[in-house]
Amino acid sequence: MDFRFCPGCAVPLIRLPSGTDAGLLGCPHGHYIHYANPAVTAFAFIEDDGRYLALRRAHAPELGDWDLPGGFIEAGEYPDDAIRREILEETALTVSGLRVFGAWTGQYGEGGKWTVDIAYHCQREAGAVVISDEKSQAMWVTLEDFPAPAFNSERLALDVLRHS
Ligand SMILES: [Zn+2]
């Protein structure tokens with residue numbers, strides 16, 4: 001989303017000419033500075049007897065590519081709760097042994113929104129996979145056979161798991 005007007009006084013935002021925030025968009029009257037901070041996401045490699053769950057994307061962006069269960073963390077939500085929520089929504093599984101093993105930077109969607117993506121490892125605890133309408137297919141595969149995931153952080157995380 002592009003921010004063009006001050007939410008305080010509705011004048012057009014300008015590139016701030018000086019100060020620690022020089023170059024950022026801001027209100028010339030000092031009401032507002034637009035910090036282009038990344039959004040935070042979480043994704044998970046769910047392990048079950050040496051195989052991991054891969055999901056195929058049913059929507060843009062990256063329609064038809066494989067990826068991992070996950071999504072955007074909501075404001076105020078703890079990352080562990082976010083990944084449990086996303087896993088349940090997208091796969092109907094519950095998981096145990098949640099462990100963060102890395103975080104990387106990526107971009108999402110047509111706008112190229114910057115993200116910071118937290119990678120989890122966990123175990124399938126209970127349930128059979130029931131995919132949501134966000135996904136078209138699910139499969140359990142070894143790390144060796146895991147298809148190249150859609151997103152940069154997922155690819156880097158897969159590489160770490162393969163070499164650990
Ligand atoms: Zn203003």
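Visitor: Hi! In what order do the elements of the protein run from the N terminus on?

Guide: Hello! From the N terminus on, the order is β-β-β-β-β-β-β-α-β-β-β-α. That gives two helices and ten strands in the protein. Keep in mind that this is a predicted model.

Visitor: Good to know. What pLDDT does the protein average?

Guide: The average is 94, and 99% of the residues score at least 70.

Visitor: And where is confidence lowest and where is it highest?

Guide: The low end is strand β3 (residues 33–34), with a mean of 92, while β4 is highest at 98.

Visitor: Let's look at β4, then. How do β4 and β5 run, and how many bridges join them?

Guide: Strand β4 covers residues 39–48 and β5 covers residues 51–57; they run antiparallel and are joined by two bridges. Together they make a hairpin with two residues between the strands.

Visitor: Which residue in that turn has a positive phi?

Guide: Asp-49 does, with a phi of about 55 degrees. Beside the turn, Asp-48 stands opposite Arg-51 of β5.

Visitor: Which strand pairs with β5 over six bridges?

Guide: That's β10 (residues 135–141), again in the antiparallel sense. One pair to click on is Leu-55 with its bridge partner Ala-138 in β10. β5 also pairs with β6 (residues 66–67), antiparallel and over two bridges. There, Arg-56 stands opposite Trp-66 of β6.

Visitor: Changing topic: what should helix α1 span, at 1.5 Å a residue?

Guide: Helix α1 takes in residues 79–91, which is 13 residues, and the expected span is 18 Å. Its end C-alpha atoms are 18 Å apart, so the model agrees with that expectation.

Visitor: Which residues of α1 are buried?

Guide: They are Ala-82, Ile-83, Glu-86, Ile-87, Glu-90 and Thr-91. Looking down the helix axis, these buried residues fall within an arc of 130 degrees, so they line one face of α1.

Visitor: What covers those buried residues?

Guide: The cover includes β4 and β5 from our hairpin, along with β7 (70–72), β8 (94–108), β9 (113–126) and β10.

Visitor: And which residue just after α1 takes a positive phi?

Guide: Ala-92, at about 70 degrees.

Visitor: Zooming out, what percentage of the protein's residues count as buried?

Guide: Of its 164 residues, 27% count as buried. As for overall dimensions, the C-alpha atoms fill a box of roughly 60 × 30 × 30 Å along the principal axes.

Visitor: Last one: among contacts between residues at least 6 apart in sequence, what share join residues at least 24 apart?

Guide: For this protein, the share is 58%.

Key:
Residues are numbered from 1 along each chain as its sequence is written. This is a predicted model: local features need pLDDT of at least 70, side-chain atom pairs count only at pLDDT 80 or more; totals for chains, interfaces and linings use all residues. Two strands pair if DSSP finds at least two bridges between them. Helices (H or I, at least four residues) and strands (E, at least two) are DSSP runs, numbered from the N terminus. pLDDT is the predictor's confidence in each residue, from 0 to 100. The expected span of a helix is 1.5 Å times one less than its number of residues. A residue is buried if 20 or more other C-beta atoms lie within 10 Å of its own, exposed if 12 or fewer, and partly exposed in between; C-beta atoms are placed from the backbone. The arc is that of the directions from the helix axis to the C-beta atoms. Two residues are in contact if their C-beta atoms, placed from the backbone, lie within 7 Å.
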